[in-house]
Amino acid sequence: MELRQLRYLVTVVEEGGFTRAAARLHLAQPGLSAQIRQLEKELGQPLLDRSHRSVTLTETGRAVLPYARAALAAADAVRETVDAYTGLLRGRVRLGLVSGATAHAFDIASFLADFHEAHPALEIALTEDASERMQAALLAGELDVALLGPTEEAVPSGLSFETVVDVPLVVLAAAGDPLFERAAGTSVPLAGLRDRALICLPRGTGVRAALERACGRAGFRPRVTFEAAAPHVLVQLAARGLGIAVLPGGEGHRADAAGGPALRSLTIADPVIRARVALAWSSDGPASPAAKVLLDTLRGRLRESL
């Protein structure tokens, strides 16, 4: 058994098939397939189920995968530790980002460009996904660091959070919407959203989880008729009169200002619902020196900009 065979196995699983895995590894697909079969022969059990369009793990493969990842992480840590003593940072860091999480408050592209300039030998894999799935990926060791919207009130066991955005939820609707008749100043009671068509972020996001928890405690279920991952799409749908958009405060107030008299925003009250974005990582700390440097640098940049 060789480390490269384990790396090939993990890559095939991550890419969901041999074609994309071979492209990522810069290998010919037949050669990659032959190496996986050799590994299976040495272990005496099939690791991959090739009977469907997408390649999946067998039961044995699912049991082996965590150990394969651990072996690769240990080997990478050895190399990265040696490189750290020579001032060179190598390896691959996996960063997760919830869509629209810090679109206005934090320029992730500029951060990554600056980080890459400082550490050109380090590869950064950026993934956009729902917060719920990213929390699971952090716990499984599939992500090193993530910017996400917490989906639970308590920090999940095994993770560490550092809150970087904490704002109230607001609603955004056309200026003539009956909702504003129930408004008290700049806020509207949560009960005013009962039975109204709502436009919200998808399930698995922190905003959606916070809204559903609050509505459940108030004795009703939110009627979400449209959902989209990008906040600006929610604004566009609200502007066309398709419902009431539910957004984090910063996004809603920016949209209100940009929309002029056509749109108005109100803070949800009774109760106030908070929308949070947190920097998240494993409670055991980053798995590699490279991931630790990324985490420390990102924490510093966020504190400066938010």
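How far apart are the mean positions of the 33 positive and 34 negative charges of the protein chain? In this predicted model, those two mean positions are 4 Å apart. With that value in hand, the description can turn to the chain as a whole and then to its parts.

The protein chain has 306 residues, of which 44% are buried, and its secondary structure is made up of ten helices and twelve strands. Measured out along the principal axes, the C-alpha trace covers about 70 × 45 × 35 Å, while the accessible surface amounts to about 15300 Å², with 53% of it belonging to carbon and sulfur atoms. When contacts between residues at least 6 apart in sequence are taken together, 72% of them join residues at least 24 apart.

A walk along the chain can begin with helix H1, which covers residues 3-15. Arg 4 is found in this helix, and Arg 4 counts as partly exposed because its relative accessibility is 38%. The C-alpha atom of Arg 4 is separated by 49 Å from that of Ala 245, a residue 241 places away along the chain. Glu 15 also belongs to H1, but Glu 15 counts as buried, because its relative accessibility of 19% is under the 20% cut-off. Once the neighbours within four places in sequence are set aside, Glu 15 is in contact with Arg 20, Ala 21 and Arg 24.

Between helix H2 (18-25) and helix H3 (29-43) there is a loop, and His 26 lies in it. His 26 is not a glycine, and yet its phi is positive, at about 60°. The relative accessibility of His 26 is 73%, so this residue counts as exposed.

Helix H3 itself has 15 residues, which at 1.5 Å a residue should span 21 Å, and the distance of 21 Å between its end C-alpha atoms agrees with that expectation. Which residues of H3 are buried? They are Leu 32, Ser 33, Ile 36, Leu 39 and Glu 40. Seen down the axis of H3, these buried residues fall within an arc of 120°, and they therefore line one face of the helix. What they pack against is H1, H2 and strand S1 (48-49), whereas the face of H3 turned away from the buried side carries the exposed residues Pro 30 and Lys 41. After H3 comes Gly 44, which has a positive phi near 80°.

Further along the chain, several loops deserve a look of their own. Asp 195 is found in the loop between strand S7 (187-189) and strand S8 (197-200), and, although it is not a glycine, Asp 195 has a positive phi of about 65°. With a relative accessible area of 59%, Asp 195 is exposed. Another loop runs between strand S9 (223-227) and helix H8 (231-239), and this is where Ala 229 is found. Ala 229 has a relative accessible area of 40% and is therefore partly exposed. Its C-alpha atom is separated by 21 Å from the C-alpha atom of Ala 174, the two residues being 55 apart along the chain. In the loop between strand S11 (263-269) and strand S12 (274-282) one finds Pro 271, which is joined to Asp 270 by a cis peptide bond with an omega of about 5°.

The walk ends with helix H10, which takes in residues 289-305. H10 has 17 residues and reaches 24 Å from its first C-alpha to its last, close to the 24 Å expected at 1.5 Å a residue. Its buried residues are Ala 290, Ala 291, Leu 294, Leu 295, Leu 298 and Leu 302. Why do the buried residues of H10 line one face of the helix? They do so because, seen down the axis of H10, they fall within an arc of 130°. On the other side of H10, Arg 303 and Glu 304 are exposed.

How values were computed: Residues are numbered from 1 along each chain as its sequence is written. This is a predicted model: local features need pLDDT of at least 70, side-chain atom pairs count only at pLDDT 80 or more; totals for chains, interfaces and linings use all residues. Side-chain values use heavy atoms; hydrogens and water are left out. Helices (H or I, at least four residues) and strands (E, at least two) are DSSP runs, numbered from the N terminus. Buried means under 20% relative accessible area, exposed over 50%, partly exposed in between (1.4 Å probe, protein chains only). Contact means heavy atoms within 4.5 Å. Accessible areas come from the Shrake-Rupley method with a 1.4 Å probe; for residues, only the protein chains shown count as cover. Lys and Arg count as positive and Asp and Glu as negative; His and the chain ends are not counted. The place of a charge is taken as NZ of Lys, CZ of Arg, CG of Asp or CD of Glu. The expected span of a helix is 1.5 Å times one less than its number of residues. The arc is that of the directions from the helix axis to the C-beta atoms.
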